[in-house]
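I opened my notebook for another structure today. Here is what I looked up, in the order I went.

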Amino acid sequence: MSSAESQFLMSMKNKDEYRGKWIAILDNKIIAEGKDLQQVYKEAMEKSKVRTPLFKQVPEKDTEETLIL
Amino acid sequence: MVGGSRLEEKMHFKYVKEVTVDKDGNHIHHIPRPKIEVVFRKYPDAKNPDTNPEFRIFGLVDSGADVSYIPRQIAEILKLDLDESTKKESKSASESFWTFRTQVHLEIVYGMRRVPIGMIDVSVPEKYELGDDIEKKVLLGRNGLFNKYEITFNETSQVITMKKIYKYEPTRADLFKKR
């Protein structure tokens, strides 16, 4: 089961305009974006007030990568 | 909404599968990963932007991590206490680095609900993560999560199942039977 925000995120096929940025998603909207997480968080929380948006960092490059942690 | 019903006794999460389209219109299928949506707060109490802010993000369910891991940028937003006396050397697959050890409150987002997990141990690196590597390093390790839920990774169907563990506590009747 996924939230409305994660469904919206998965439906975003083209994220080119957000490459290298953080985005804050609430319902079906991006309510804040930018490279500085602190700034994006502040702006998003001012707009969302009671609810907490989903934060996502969009990678700089759109390439498949393997994670070995 | 905060959970507490039978629904949360066994939860299923599909692996996160991202499909993007590049400039030439080609579809890029990223590797599906066992990530779940979570909310971190410093304390279990209700969020307060000044004293108890919260942060909602995807975390990788990582059975190989002894404890959970939050990049420093996110720990600072959460106003977590990073005490020098808690510093320990930690090791990843490729390097050793210094981390602070602290605690954070964890909730799992399950559809429209939030399932409280409680306070968990967490490591926060001394150094800030660089570039676009911050989000992918939110790790949900074993301590605090895997001892509360039986977690199964089904790589074939690409589903994580989390079944709540109930510790056996004898009732008065059980104790009486033993006499």
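Entry 1, a hairpin in chain A. I began with E1(A) and E2(A), which pair in the antiparallel sense over five bridges. This is a predicted model, so I read every value here as computed from it. Across that pairing I found Ile25(A) opposite Ile30(A) in E2(A). Two residues sit between the strands of this hairpin, and Asp27(A) takes a positive phi near 55 degrees there.

Entry 2, the other partner of E1(A). I then looked at E3(A), residues 54-57, and found it joined to E1(A) by four bridges, again antiparallel. Here Trp22(A) stands opposite Gln57(A). How many of the five residues of E1(A) are buried? I got four, so the strand is mostly covered.

Entry 3, helix H2(A). I checked the length of this helix, residues 37-48. At 1.5 Å a residue its 12 residues should span 16 Å, and the end C-alpha atoms are indeed 16 Å apart, so the two agree. Next I listed its buried residues: Leu37(A), Val40(A), Tyr41(A), Ala44(A) and Met45(A). Looking down the axis of H2(A), I saw these buried residues fall within an arc of 125 degrees, which means they line one face of the helix. On the face turned away from that buried side I noted the exposed residues Gln38(A) and Glu46(A). What do the buried residues of H2(A) pack against? My answer was strands E1 (22-26) and E2 (29-34) of chain A, together with H1 of chain B. Just after the helix, Lys49(A) has a positive phi of about 55 degrees.

Entry 4, the contact between the chains. That mention of chain B sent me to the contact, which takes 26 residues from chain A and 30 residues from chain B. On the chain B side, the elements giving two or more residues are strands E2 (19-21), E4 (35-41), E5 (54-61) and E8 (96-110), plus helix H1 (72-77). E5(B) provides the largest share, four residues. Sorted by class, this side of chain B has 14 nonpolar, 10 charged and six polar residues.

Entry 5, chain B as a whole. I counted two helices and 12 strands, and along the sequence they follow the pattern β-β-β-β-β-β-α-β-β-β-β-β-β-α. The C-alpha trace of chain B spans about 75 × 45 × 35 Å along its principal axes. Of the 179 residues in chain B, 30% are buried. Last, I took the chain B contacts between residues at least 6 apart in sequence, and 60% of them join residues at least 24 apart.

Methods:
Residues numbered from 1 in each chain as written. Chains lettered and ligands numbered in written order. Predicted model: local features only at pLDDT ≥ 70, side-chain atom pairs only at ≥ 80, totals over all residues. Contact = placed C-beta atoms within 7 Å. Nonpolar A, V, L, I, M, F, W, Y, C, P; charged D, E, K, R; others polar. Buried ≥ 20, exposed ≤ 12 C-beta atoms within 10 Å, placed from the backbone. Expected span 1.5 Å × (residues − 1). Arc of directions from axis to C-beta. Pairing = 2+ DSSP bridges.
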